[in-house]
Each structure stands twice: as structure tokens, then as C-alpha cells.
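User: I am new to reading protein models, and I would like to learn how helix packing and empty spaces are described. Could you take me through this one step by step?

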Amino acid sequence: MEKLVIEGGQTLKGEITVGGSKNSALPILAATLLTDEPCVIRNVPKLRDTMTMLKLLRSLGKTVDMVDDKVTILTKGELNHVADYKLVSTMRGSFCVFGPLLAKLKKAKVSLPGGCVIGVRPVDLHLKGIEALGAKLEIDGGYVIASARQLKGKHMYLGGAFGSSVLATANVMMAATLAEGTTVIDSAACEPEIEDLANLLIAMGAKIEGKGTPRLVITGVKTLHGVSYKIISDRIEAGTYIILAAMTKSNIVIKNGCYEHLMALVDALDQAGVQVTNDQGNVRVKVRGALQPVNVTTFPYPGFPTDLQAQFMALMTLTPGISIISDRVYPDRFIHIAEMNRMGANIRREGTAAIVQGVPILKGAPVMASDLRASAALVIAGLAAKGRTEVNRMYHLERGYENLDEKLKMLGAKVYREKE
Ligand code: EPU
């Protein structure tokens, strides 16, 4: 295993380019199961998670080839309907092969993904939506086994206790494209990644109205065809660099910055005294003076993203005063608190909120990455801290940030990999 060693306290300078969206790529790659025709997907980030999805597609019978950021997916022979525990358990995003497999093959056997460090993360909404389309479901041996002679369109409500679900919406929308009749999904996820998936499906011949809104209307078609499609930029990667620039008071240009998908972050930063501007995808960040504390609560899109909660908390650790950060999407996503406190932060958890009392400086320390976004938060905290930080279990970062150490080096950061 490798760790990322950071000599913090440098001001950074230069350009950093945001790659394709991981959370678009995963369902979009899964959606290619809906057709036998060739699909070419561009701007696919080379990440541990996207590689897992390509492995899963191969295990399901697709031929997959990746050159730079372009993935070509072909069908040779019969598809397999079983998504194995080994691949689904390493990445929850794998569960989004469920809808496409069932729609295409009329049967699917997909391992249940299980919990993870950011919370319990059930799949009841996925199952509810797929069942509403007329599938018979059974859980056996840790797998969901589904079959349907013909999926049938239905009007359904897909919200849960924590609001809409991104991947449940993806699964049901994908399944509904080949169902008979019209499906209406109320309380659909509005995330840009779901809109991106809808755009891909439309380009494959699907009939979808309402993309980007909480009501999706999908009229089933008999078949979908092949496609050449470019994935959107990763708003969470962009948001991470924006917060990094604010926290290190650096003059960085973030290219492919997807500003328009980050308005909740831009607004929170504005309240904190940080100006974020956009010039045709080149995003710049300017700290106006002393930072102000800001209370933030995460919500489904267009609310403040849970995937930027840890990074924003890192910024608030160096902001004078008290800020309160709550996560309404994953109320237990707070493992990073203990690690940030090891660096001298003053954060305490009270119920579903974290109370951050700003401190004048953070000091480098060995810390443990627990999940992808917590790791990113520890890296930006390490870059702003005085002295040496070691972020152990670097593989978490590789799930969602392509070449992060190389990109940071280009900005003048002193970061390097070492064996743990
Ligand atoms: N939920 C249910 N039942 C379900 C599904 C979800 O109760 O059947 C709950 C979850 O436990 C959570 C809330 O609903 O409290 C929202 O979860 P959602 O289903 O939207 O999450 P997801 O689709 O599994 C995606 C991203 C996550 C991101 C969340 C929220 C992918 C591959 N993953 O997960 O990304 O945090 O949406 O925006 O798209 C990450 O990239 O680091 C990451 C964790």
C-alpha cells in the first residue's frame, strides 16, 4: 500500500485540469449493457472505480477497450446476467448494472453491495422502483435475483427518508427505457450526472422528458442503438480544487471547472469571503480578506453536495469563529473529524452535526484515509498545514481523483508517494 506524503504550507500557482465525472461514468458505462451495438464513451477518467466497472462489464460478456480517455464497448456473443459479489462488494456503483441487465436480458442476479464507512447505504429504493416496473424479486445468498417477462411502465414515487437517490434513479430510468409503456418517476434525482445519463440514453434512442428535474417521464422503446458520447466534467473534483485554492490562498486556474454545477458551493464560499469566478470553464478563486464561518447542510442537488462536505469542513477548520456542518444525505459521514483533529483542528460531533471551532494553524500529522472524499479533505488540509502530513491508504484517493499527486506537483505542491 502507498501513502501520500505532503510538505504543507506552500502557496500554489498555475493551472489544474478537471477530468471526466466518475459518478457519470459509472452508470453511463453500465447503460451500454442496454444495446448490442458498439458504444464509444469519451472523457472517461482512469480511476480505480471506473476500472472496476470495466472489469464488471467484461465479466458480463462485453468486450472493452480503453485508449486514453476513450472506452469502446462491443458485444460478442451472449451476455451473462450475474454480477459477482467480488466486483460489486468493492464498489457500490457496480449495483447500477442491475436495471440495464434486467431490461436487456429479462433476468438479473446482482450481488447486494453492503454497507460502507460513510453509512448503511441500503438499496430499498432501487428494488422498489424495479419491482414497480413489474419485475419479480427475490433475495438469496446475498444476491438480488430479478426476472420479468416484460417490464411495464408505471407512475412511481422514488423518494426516501433522505430525499432522492442518485443510483436508484439511474437504475429505474435505465430499466424503463426498454419497458412497455410510460414510466413516471417522481422525486427523481436531479444531479447533473443523472442528466448526463439521460442525455446518453436519449442519444441511444430512448424517449425521456424532464431530465434534470424531479419528474422524469420515460416512454419505453423496443431497442436502443450504439452511441458515441462524451461525459461531463467532474464537479466534485472541481469543487475540491476550488476549496484547495481558498484554503491555501493560492492563485490557481481550474480548467473544465463546471462552475454552473457548483452553485451551492460558490454561494457558501461567497458567504465565507471567497469569490469564485468563471470565464468559459476557467474557474478562479480569490480570498477577499479574513475568512468568515459558514454553516452548511448537505442536500441532494442542487443543494450543497455531501461529496464536498469533508473538504468544506477542512476549510472551516482554519476559519476564525464557529461553523456548524450537517449532512442530510449521509448523517454519519464524519469519520474525517478525528483525523482532522489529529492535525490540530477543533471539531466535535453533536448528533448529526459537526461543530467546527476555527484554529489559527493546522500542523502536519500522519492520518488515515477512510473514504474517497475524506481522503481528499485530508490532502487539502495537509497542503494548508505546517509541516509533514502522511495520508495513509492512498488507494481511496485513486478511486476518484486521477493523477492527483501529479496534478498537485504541477501547481508547485510538495507531494510524493511512499510505501506504507
Ligand atoms: N438511500 C436509501 N435507499 C436506497 C438508496 C439510497 O435510503 O435504496 C439513501 C442513502 O443511504 C443516502 C441517500 O439515500 O442516505 C442518498 O443516497 P444515494 O442513493 O443518492 O447515493 P448513491 O446513489 O448510492 C451517489 C454517489 C455518491 C454520492 C451520493 C449522494 C455514485 C457512484 N455515487 O451514491 O458518491 O455521495 O450519490 O450524492 O454516483 C463519492 O463519489 O464519493 C460518492 C460516495
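Analyst: Let us begin with a pair of helices: helix H9 (residues 263-272) and H10 pack at an angle of about 5°, and their axes lie 12 Å apart. The model is predicted, so local features need pLDDT of at least 70 and side-chain atom pairs count only at pLDDT 80 or more, while totals for chains, interfaces and linings use all residues. Residues are numbered from 1 along each chain as its sequence is written, and side-chain values use heavy atoms, with hydrogens and water left out.

User: What do the labels and the angle of H9 and H10 refer to?

Analyst: Helices (H or I, at least four residues) and strands (E, at least two) are DSSP runs, numbered from the N terminus. Axes are lines fitted to C-alpha atoms, for helices over the stretch in contact, and angles run from 0 to 180 degrees between N-to-C directions. Angles under 35 degrees count as roughly parallel, over 145 as roughly antiparallel, 65 to 115 as roughly perpendicular and the rest as oblique. H9 and H10 are therefore roughly parallel to each other. Their contact, meaning heavy atoms within 4.5 Å, involves Leu-265, Ala-268, Leu-269 and Ala-272 of H9 together with Phe-312, Leu-315 and Met-316 of H10.

User: How do the residues of the contact of H9 with H10 divide into nonpolar, polar and charged?

Analyst: Ala, Val, Leu, Ile, Met, Phe, Trp, Tyr, Cys and Pro count as nonpolar, Asp, Glu, Lys and Arg as charged, and the others, Gly among them, as polar. In the contact of H9 with H10, seven residues are nonpolar, with no polar and no charged ones.

User: At what angle do helix H6 and helix H7 pack, and in which hand does H6 pass H7?

Analyst: A crossing is left-handed if the near helix is turned anticlockwise from the far one by less than a right angle, and right-handed if clockwise. Helix H6 (residues 166-176) and helix H7 (residues 192-203) pack at about 15° with axes 10 Å apart, and H6 passes H7 in a right-handed crossing. On the H6 side the contact is made by Val-166, Thr-169, Ala-170, Met-173 and Met-174, and on the H7 side by Ile-194, Leu-197, Ala-198 and Leu-201. These residues divide into eight nonpolar, one polar and no charged.

User: How do the axes of helix H5 and H6 lie?

Analyst: The axes of helix H5 (residues 124-132) and H6 come within 8 Å and cross at roughly 20°. H5 and H6 are therefore roughly parallel to each other, and H5 passes H6 in a right-handed crossing.

User: Now, how is empty space found, and how many cavities of 30 Å³ or more are there in the whole structure?

Analyst: Rolling a probe the size of a water molecule over the atoms shows where empty space is left. On a 1 Å grid over the protein atoms alone, a cavity is a set of points where a 1.4 Å probe fits but cannot get out, whereas a pocket is an open set with protein on both sides within 12 Å along at least five of seven lines; lining residues have an atom within 4 Å of a point. Grid points are joined across faces, edges and corners, and a volume is the space filled by probe spheres set on the points. The search finds one cavity of 30 Å³ or more, and the largest cavity has a volume of about 40 Å³. Its lining consists of Thr-240, Tyr-241, Leu-244, Ala-376, Val-379, Ile-380, Leu-404 and Leu-408, of which seven are nonpolar, one is polar and none is charged.

User: What volume does the second largest pocket have?

Analyst: The second largest pocket has a volume of about 270 Å³, and among its 19 lining residues the closest to the centre are Met-247, Thr-248, Lys-249, Leu-318 and Ala-384.
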